[in-house]
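Subject: Structure handover

Hello,

Here is the structure for you to look over. My notes follow below it.

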Amino acid sequence: MARPSRLLLDPLGAVGGAVMDIATHLGAVVTLLVRVLRSLVPPRFDLPELWRNLYKMGNQSVPIVMLTAFFVGGIMVVQSAVFMKRFQATSLLGWGAGYSVLREVGPILIGLMFSGRVGSNNTAELGTMVVTEQIDGLRALSIDPMRYLIVPRVLAMVIMLFLLTVLGDLVALFGAMLFGKLIIGLEFGVFYAGLVSSLGVSDLTHGLVKALVFGLIIALTSCHFGLNVKGGAVGVGRSVNSAVVGSALGIVLSDYFLTYVLT
Amino acid sequence: MSDMTYTSGGEPPLRFPKTVLFKVGGATFGMVDALLEFLRVLRGTIRFSIWGKRPKGEVLNQMYQVGNRSLLFVCVTLGCLGMVLVYQILLQVNRITGDTSQVGAEFIKGMVHAFVPSLTAMMIATRVGAGIAAEIGSMMVTEQVDALRMCGVEPIEYLIAPRFIATLTMTVILTVIALAVAVGAGSLMAWGSFGVNPAVFLSFDKVTPGDMITGITKAVVFGAAIPVVSGYCGLTTRGGSEGVGSATTRAVINSSLAVIVLDFILSALAYFFLQSKGL
Amino acid sequence: MIRLKGVHKRWDRPVLDGLDLHLERGVVWGLIGPAASGKSVLLKTVCGLEKPTSGEVWVDGQEISGMDEREMMKVRRKFGMLFQNNALFDFMDVGQNVAFPLVRAGGVDPEEIEERVASRLKAVGLSGSERKMPNELSGGMRKRVGIARATIASPPIVVYDEPTAGLDPVTTSKIYDLLRAIQDQSHATVMAVSSDINALRTFVGRIAMIYQGRIIYDGLESELDGCQDPVVHQFIRGELEGPL
């Protein structure tokens, strides 16, 4: 059953193939972005669809994001507790948790969970529509799938991830505060003081700009893989898989560049 | 007539609590059912992984699949994250104390017991977890799983157990590789952007046996949770292409969530039983 | 050989609603019915792939509805099943697919397996395709591989779920010829479900119709035309007017 490893037999070809593959997908995603932007100026898309998608995506992701954020706050505290204790610097806990949650951990983990929940669901939905020829059906009724399906979804995802990141940051900081009290007995007041004294608006905006970019990446990637499903039910599963992987890769790589650009 | 208006007006407040109760009740039953089914899959996976018979070479094949799918992905993502973390930390250290001599040692310590195991597992959950659910889900909707059962094969033994052993082993291996990549990339970043000498940065002095135990335990537990959660999502696939899509979605989200919750629990345990005792 | 007593199965609605059935050894039994009338569920209940909500399912003198998965595995060895969409294992080649039931049953040495796979593939008209992958085959060829896999272990009961779905009329006739040839040799008990009534009638000796989870007709194929039940009457003639 084992297939011979291309990576071993033909390493150049394998890497080259992977690069070509990524380039093809990247090209298609950029094209999709251009088409989305073109239908935004002047705005030509289905507004009720946007509301419906916002509602649905919020419904899907708010509980999971809050749960994630709560535990992430806890993890930040537990993992830095030993460090803070060693340096007798527990008062810095609020600052440490706030800094890492707002700038990095919050946007990235909330982005990954959003991609897993909403992005992959979007790919599955669009993919099923492709497989069952519903997109062709829309075209036959002379409804532009771009305006009716894609643009509302892309907008909804960008808006929703931004709002969720704001909410998630709050929940994560609350979680950090709570577990700081429970685990290392740090008073709420001390945590809060550490939080507000050394964190600026720039730390918050840093994370929120990232959230906007992540939202756009997740939206475009998931729509691209959904629209390009081939081969029935098996193909839908495969596309969902590629979409979440592509989104995760996009999130991490863009995080790297954004960190540079934003400081 | 007036009677009618009264009844139809009075109906919604009467019906409301009933539907809510119904829904809550239904959801609770659904959750209990799902939990029982999940425990059945978990028990079966462990039992068959220890005593089951597997087609020859299937575990190796699956290990190869897991490695092939995720090695590059894990290396790129963890490399980037390592660099970003070092960048953010050094930015702050430069602002406050300016003493960068301890940053490398503390960074590596944090990588070993905290960041690398959980972030690698998140990536594997995305890549491998979704793959397992998509594969098994596709086999469910094309009735291949039923065909296996008709041939006297227990799907958990044949499909999940090899993936369980393979994912568990490969998660540990990939975590070690990811650690090397993240630390290497971080050290390059410290050297390139802040001029911290790699000889100073790459110090393992602060890494205690407790950190190593914590890191490896996390990798093992995450590596065990991902295939079981994803396999369960695959085996509960219903319906056609929609079903496969939603199984894959559930696998990503549930295994990522499992990693986060388990990370919290294991970190708390490590803090209480190892770190606070100075290990 | 197969006996169902008062079998009920419900998900959110009743799918099988108090079903009784008795099949003697060697009978070739066909089942027809409108979409979503419970045909596939009935087959899966008999094979033990679905558990009935209540009622008894007897296979070869054993009551299977109360069995756990491990006991059930032994009972399932008595069945050969052709699935609606063939359910060929797409990670195995044709030869491995056909050999699979023998390999799993154990006790047959590899050379004999190879021989039996070759002769089975020859019988279904696919000599020498052992190394092909299922996705390289046409619909009719995949159906033949499915039939070869279902019958290779000479099971006493063979179940055909929609053996000709999605095939053209000529291929349909060829498949039924093949099923007849296999049946003449094996004399197994056969259950066949199909929505292509006329083609199915050329194959079976006894035919039944299921409607809303109940069997409303069960008798000789030759007597089906004389049935006075208005639902059966309308269904086999494809009339627009009637209770359906």
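Is D60(C) buried or partly exposed? D60(C) counts as partly exposed, at 29% relative accessibility. Buried means under 20% relative accessible area, exposed over 50%, and partly exposed in between (1.4 Å probe, protein chains only).

Some ground rules. This is a predicted model, in which local features need pLDDT of at least 70 and side-chain atom pairs count only at pLDDT 80 or more, while totals for chains, interfaces and linings use all residues. Residues are numbered from 1 along each chain as its sequence is written, chains are lettered from A and ligands numbered from 1 in the order in which they are written, and side-chain values use heavy atoms, with hydrogens and water left out.

Backbone oddities

Most residues other than glycine have a negative phi, and most peptide bonds are trans. D60(C) is not a glycine, yet its phi is positive, about 50°. D60(C) sits in the loop between β4 (54-59) and β5 (62-63) of chain C. Helices (H or I, at least four residues) and strands (E, at least two) are DSSP runs, numbered from the N terminus.

E143(B) also has a positive phi, about 65°, and is not a glycine. E143(B) lies in the loop between α3 and α4 of chain B. E143(B) is buried, with a relative accessible area of 12%.

In chain A, look at V41(A) and P42(A). A cis peptide bond joins them, with omega about -15°. P42(A) is placed in the loop between α2 (11-38) and α3 (47-86) of chain A.

Chain B with chain A

The size of an interface is often given as the accessible area lost when the parts come together. Buried area here is the accessible area (1.4 Å probe) that two parts lose on being put together, summed over both. Chain B and chain A bury about 4900 Å² between them, and carbon and sulfur atoms give 74% of it. The rule finds 0 salt bridges across this interface. A salt bridge is a side-chain nitrogen of Lys or Arg within 4 Å of a carboxyl oxygen of Asp or Glu. Polar contacts between chain B and chain A come to 8 residue pairs, both residues at pLDDT 80 or more. A polar contact is a pair of N or O atoms within 3.5 Å; within protein, one must be able to donate a hydrogen and the other to accept it, and residues adjacent in sequence count only if both atoms are side-chain atoms.

On the side of chain B that touches chain A, α2 (58-96), α3 (103-141), α5 (155-194) and α8 (241-273) of chain B each supply at least two residues. α8(B) gives the most, with 18 residues. In all, 55 residues of chain B and 62 residues of chain A make the contact. Contact means heavy atoms within 4.5 Å.

Chain C with chain B

Here 24 residues of chain C are in contact with 16 residues of chain B. The buried area is about 1900 Å², 57% of it from carbon and sulfur atoms. L49(C), M73(C) and R104(C) lose the most area to chain B in chain C, together 29% of what that side buries.

The rule finds 3 salt bridges between chain C and chain B. One pair in a salt bridge is K44(C) and D146(B), with 3.0 Å from N to O. There are also 5 residue pairs in polar contact, both residues at pLDDT 80 or more.

Cores

A nonpolar core is a set of buried Ala, Val, Leu, Ile, Met, Phe, Trp, Tyr and Cys residues joined through side-chain atoms within 4.5 Å. The largest has 182 residues; I150(A), L4(C), L42(C), F79(C) and M191(C) touch the most other members. Helix α6 (residues 145-184) of chain A gives the most to this core, with 18 residues. A second, separate core of 44 residues includes V98(C), A99(C), L178(C) and F235(C).

Two loop residues

D93(C) is in the loop between β6 and α3 of chain C. At 9% relative accessibility, D93(C) counts as buried. Its side chain reaches the backbone nitrogen of Q96(C) at 2.9 Å.

T142(B) belongs to the loop between α3 and α4 (144-150) of chain B. T142(B) is partly exposed, at 24% relative accessible area. A polar atom of the T142(B) side chain lies 2.8 Å from the backbone oxygen of S138(B).

Best wishes
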